[in-house]
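Student: I would like to go through this model and learn how to read its strands and its pocket. Can we take the features one at a time?

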Amino acid sequence: MQELSRDEALTLQAMEEAMWRPETRYDSRYMDAVLAPAFTEVGRSGRTYTREETLEMPPLDIDIELPLIDFSAIAICEDVALVRYISLSKNSSRGATHRTSVWTNDGRWRLRFHQATPTDL
C-alpha cells in the first residue's frame, strides 16, 4: 500500500479545515471543485445529503474549533485517503462529533464521502 506523504496529509488537513471556514464552505466555485461528482454525506443527525444538496445549502453559522482534534490521514489504496478527526463546537452544547472522510485523487484531491457521528467525549 502506498503511504501518504507528509505534504499530502497536510494538504488533506487544510482541505478538511476549509470545509469549516465560511469563506470556502459557502464559496460555490470552491465547493464545486472540491466535491467529487458522486459525493455523499451522512450528517450528524443521520440524514444523507447529496452533492447537489450540499452545494445548494444556505450559509449557516459555523462554530467548530480549529485546528481539528486528533486529525489523521492514511492511504487506504492508491489515490484514496481516509481522514478521521473530532470536531468540537465552540459555542453550543452540541458536543463533540467523530468525523470520517474519504478523499480520492485524480490529479487533485476531491471529497467523495463524509460521515459525522455524535460522541460523548
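Student: Which residue is the bridge partner of T97 in β6?

Tutor: In this predicted model, T97 is bridged to P118 of β6. Another bridge between these strands joins W103 to L111 in β6. The pairing of β5 with β6 (residues 109-119) is antiparallel and runs over ten bridges.

Student: What lies between β5 and β6 in their hairpin?

Tutor: Three residues separate the two strands, and G107 in this hairpin has a positive phi near 110 degrees.

Student: How many bridges link β4 and β5?

Tutor: Nine, in the antiparallel sense, between β4 (residues 80-88) and β5 (residues 96-105). As an example from this pairing, H98 in β5 has I86 opposite.

Student: In what order do the strands lie in the sheet?

Tutor: The order is β2-β1-β6-β5-β4-β3, an open sheet of six strands with mixed pairing. β2 (48-50) and β3 (69-77) are the edge strands, each paired on one side only. From one strand to the next, the twist averages 15 degrees.

Student: How much space lies in the largest pocket?

Tutor: Rolling a probe the size of a water molecule over the atoms reveals where space is left empty. Here the largest pocket holds about 570 Å³. Its lining has 27 residues, of which W20, R25, E41, M57 and R99 are the closest to the centre.

Student: Which strands supply at least two residues each to that lining?

Tutor: β1 (35-42), β5 and β6 each do. By residue class, the lining of the largest pocket comprises 14 nonpolar, five polar and eight charged residues.

Note on methods. Residues are numbered from 1 along each chain as its sequence is written. This is a predicted model: local features need pLDDT of at least 70, side-chain atom pairs count only at pLDDT 80 or more; totals for chains, interfaces and linings use all residues. Side-chain values use heavy atoms; hydrogens and water are left out. Two strands pair if DSSP finds at least two bridges between them. Helices (H or I, at least four residues) and strands (E, at least two) are DSSP runs, numbered from the N terminus. On a 1 Å grid over the protein atoms alone, a cavity is a set of points where a 1.4 Å probe fits but cannot get out, and a pocket is an open set with protein on both sides within 12 Å along at least five of seven lines; lining residues have an atom within 4 Å of a point. Grid points are joined across faces, edges and corners, and a volume is the space filled by probe spheres set on the points. Ala, Val, Leu, Ile, Met, Phe, Trp, Tyr, Cys and Pro count as nonpolar, Asp, Glu, Lys and Arg as charged, and the others, Gly among them, as polar. Axes are lines fitted to C-alpha atoms, for helices over the stretch in contact, and angles run from 0 to 180 degrees between N-to-C directions.
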